[in-house]
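Colleague: Could you take me through the sheet, the ring pairs and the charged pairs of this structure, giving the reasoning behind each answer?

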Amino acid sequence: MTKEKNAVLNYMSKHGLKRFAPKAALVDMDGTLYDSMPNHAKAWHDLMTGIGIECSVDEFFLYEGRTGVSTINMLFNRAYGHDATPEQAADLYHHKTELFAQLPSVHVMPGAPEMIKGLRDAGLETVLVTGSGQNTLLNRLDTDFPDAFPVDRRVTSRDVKHGKPHPEPFLLAMEKVKVAPVESIAIDNAPIGVKAGAASGAFTIGVVTGPIPENVLKDVGADLIYSSMEEMSENLPALIESFKCNNQ
């Protein structure tokens, strides 16, 4: 039995399903569609150390998926014991986006275009679910992934009250395309995003694209884990076939 079929059977058992016929794929952006996390981590680190808050570059890989304000407030609470004011948070996040834009342009994640094409060819609607609100990458989506993520099929930090790890971003994405959690696949590379996807009830795929090991993604609820986006794109036919086998 393939690991894809085993994962689907386990998901069906967990949710009491007799069949699993996903209709939508809810896809993260940073670290999933784009190899952008090293730049984000550096921008966050430069921003925070620049205002005197001690932090490491690598810790920002663990915060991936949070909204900018959530990340700022978490670090403010650690350093000062309180949130930033709304004005401080807005100014700091704006500066962070400027620092990110000054870094070398990021590349599309290897395997991501093939994955998106495979999902769409299989009849799944693709919806963006990102904790970012930065136009630097959002404005590239139409060029890099044509027709896959139109504006009405995007959930960003601007659309939610509760960002990842809360399930709200994925639940809002489901509402946009009128699907139930058990008709959805969530795809994310970060522990916070995987946790949010699992909490939403979607079949959740964790993809390792940075320094976070597989066991961390498993511990926060991933139903299926791939070691890279390339591995996922290569094994997507097996995953799609596992859906068909379980719907007969």
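The exchange below concerns a predicted model and goes from the sheet to the aromatic pairs and then to the salt bridges.

Colleague: In which order do the six strands of the open sheet lie?

Modeller: The edge strands, each pairing on one side only, are β3 (154-155) and β6 (224-226). Further in, β4 (residues 184-188) pairs with β5 in the parallel sense over four bridges, and β1 and β4 are likewise joined in the parallel sense over four bridges. With parallel pairing throughout the open sheet, the order is β3-β2-β1-β4-β5-β6.

Colleague: Which residues stand opposite I187, in β5 and on the β1 side?

Modeller: I187 belongs to β4, where V27 stands opposite it. In β5, the bridge partner of I187 is I205. The two names asked for are therefore I205 and V27.

Colleague: How many of the residues of β4 are buried?

Modeller: Both faces of the strand have to be considered, and on one side S184, A186 and D188 are buried, while on the other I185 and I187 are buried. The strand is therefore largely enclosed by the rest of the structure, the number of buried residues being five of the five.

Colleague: What angle does α1 make with β6?

Modeller: Helix α1 packs on the sheet, where it touches β5 and β6. Taken between its direction and that of β6, the angle is about 150°.

Colleague: Is the β-α-β unit of β4, helix α10 and β5 right-handed or left-handed?

Modeller: The two strands of this unit, β4 and β5, pair in the parallel sense, and helix α10, which makes up the unit with them, spans residues 191-200. The unit formed by β4, α10 and β5 is right-handed.

Colleague: Is the ring pair of Y11 and F203 stacked or edge-to-face?

Modeller: A pair of aromatic rings is described by the distance of the centres and the angle of the planes. For Y11 and F203 the centres are 5.3 Å apart and the planes stand at 90°, which is over the 60 degrees required, so this pair is edge-to-face.

Colleague: How far apart in sequence are the parts that Y11 and F203 tie together?

Modeller: Both Y11 and F203 are buried. Because Y11 lies in helix α1 (residues 3-15) and F203 in strand β5 (residues 203-207), their pair ties together parts whose separation in sequence is 192 residues.

Colleague: Is Y80 buried or partly exposed?

Modeller: Y80 forms an edge-to-face pair with F76, at 5.2 Å centre to centre and 75° between the planes, and the two are four residues apart in helix α4 (residues 68-80). F76 counts as buried at 5% relative accessibility. Y80, by contrast, has a relative accessible area of 41% and is therefore partly exposed.

Colleague: How many residues separate K14 and D223?

Modeller: K14 forms a salt bridge with D223, with 3.0 Å between the closest N and O atoms. K14 is exposed at a relative accessible area of 53%, whereas D223 is buried at 19%. With K14 in helix α1 and D223 in the loop between α11 (214-219) and β6, the pair links distant parts of the chain, and the separation is 209 residues.

Colleague: Which residue forms a salt bridge with D142?

Modeller: D142, partly exposed at 48% relative accessibility, lies in helix α8 (residues 141-144), and the partner lies in strand β3, so the pair ties together parts that are 12 residues apart in sequence. That partner is buried, with a relative accessible area of 11%. The closest N and O atoms are 3.1 Å apart, and the partner is R154.

Technical notes: Residues numbered from 1 in each chain as written. Predicted model: local features only at pLDDT ≥ 70, side-chain atom pairs only at ≥ 80, totals over all residues. Heavy atoms only, no water. Phe/Tyr/Trp six-rings, centres within 6.5 Å; stacked < 30°, edge-to-face > 60°. Buried < 20%, exposed > 50% of the residue type's maximum accessible area, 1.4 Å probe, protein only. Pairing = 2+ DSSP bridges. Contact = heavy atoms within 4.5 Å. Axes fitted to C-alpha atoms, helices over the stretch in contact; angles between N-to-C directions. Right-handed = clockwise from strand over helix to strand, strands pointing away. Salt bridge = Lys/Arg side-chain N within 4 Å of Asp/Glu carboxyl O.
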